[in-house]
Amino acid sequence: TEEEAEQSISGKPVDFTMTARELFQAYDQNEVAADQKYEGKVLEISGRVDEIGKDITDTIYVTLDGGEEYGIFSVQCFFSDTHASDAAKLSKGDAITIKGLCNGMIGNVSVRGCSIVK
């Protein structure tokens, strides 16, 4: 669950700080290399909010602009319900920084257990 993922990284230092575009491009260029470098690591990702919603399991997510002009994929950050009020305050285009655990690429680059840093 998102709560478990968030607890697992609570208090851990950030392994990598980057933009959503840098992360997406790393996966777009070579998913295997990007997984070896980022999967299971704590990331601090900054970018512009592209979408705010809930997936089919009712999990809150925010997608960050991955930099593709007409791309359908991006960086998708998943939040536990405890962050519902934070997500509700966001708007498309907002500049944001998110901390979370990289979960590899499943269409989108997936980041779990997220919290908003700023």
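**Exercise 1. The largest pocket**

In this predicted model, find which strands each supply at least two residues of the lining of the largest pocket, and then describe that lining by class.

*Solution.* Start with the strands: strand 2 (42-54) and strand 3 (60-64) each give at least two residues to the lining. Next, look towards the centre of the pocket: of its 14 lining residues, Asp50, Gly71, Ile72, Phe73 and Ser74 lie nearest to that point. Now sort the lining by class, and you should arrive at seven polar, four charged and three nonpolar residues. Finally, the space in this pocket comes to about 170 Å³.

**Exercise 2. The two sides of helix 1**

Work out which residues of helix 1 (residues 2-9) are buried, and what they pack against.

*Solution.* First, pick out the buried residues: Glu2, Ala5 and Ile9. These residues span an arc of only 65° around the axis, so they sit on the same side of helix 1. Then follow their contacts, which lead to strand 2, strand 4 (75-79), strand 5 (95-106) and strand 6 (108-116). Turn to the face pointing away from the buried side, and you meet the exposed residues Glu4 and Gln7. Last, step past the helix to Gly11, which follows helix 1 and has a positive phi, near 80°.

**Exercise 3. The cysteines**

Determine how many disulfides the structure holds, and check Cys77 and Cys102 in turn.

*Solution.* The count is zero. For Cys77, the nearest cysteine sulfur belongs to Cys114 and is 4.4 Å away, while a disulfide needs the pair within 2.5 Å. For Cys102, the nearest cysteine sulfur is that of Cys77, 9.8 Å away. As for their surroundings, Cys77 is buried with a relative accessible area of 0%, and Cys102 is buried with 2%.

Key. Residues numbered from 1 in each chain as written. Predicted model: local features only at pLDDT ≥ 70, side-chain atom pairs only at ≥ 80, totals over all residues. Heavy atoms only, no water. 1 Å grid on protein atoms, 1.4 Å probe; cavity = no way out; pocket = protein on both sides within 12 Å on 5 of 7 lines; lining within 4 Å. Points joined across faces, edges and corners; volume = space filled by probe spheres on them. Helix = DSSP H or I, 4+ residues; strand = E, 2+ residues; numbered from the N terminus. Nonpolar A, V, L, I, M, F, W, Y, C, P; charged D, E, K, R; others polar. Buried < 20%, exposed > 50% of the residue type's maximum accessible area, 1.4 Å probe, protein only. Arc of directions from axis to C-beta. Contact = heavy atoms within 4.5 Å.
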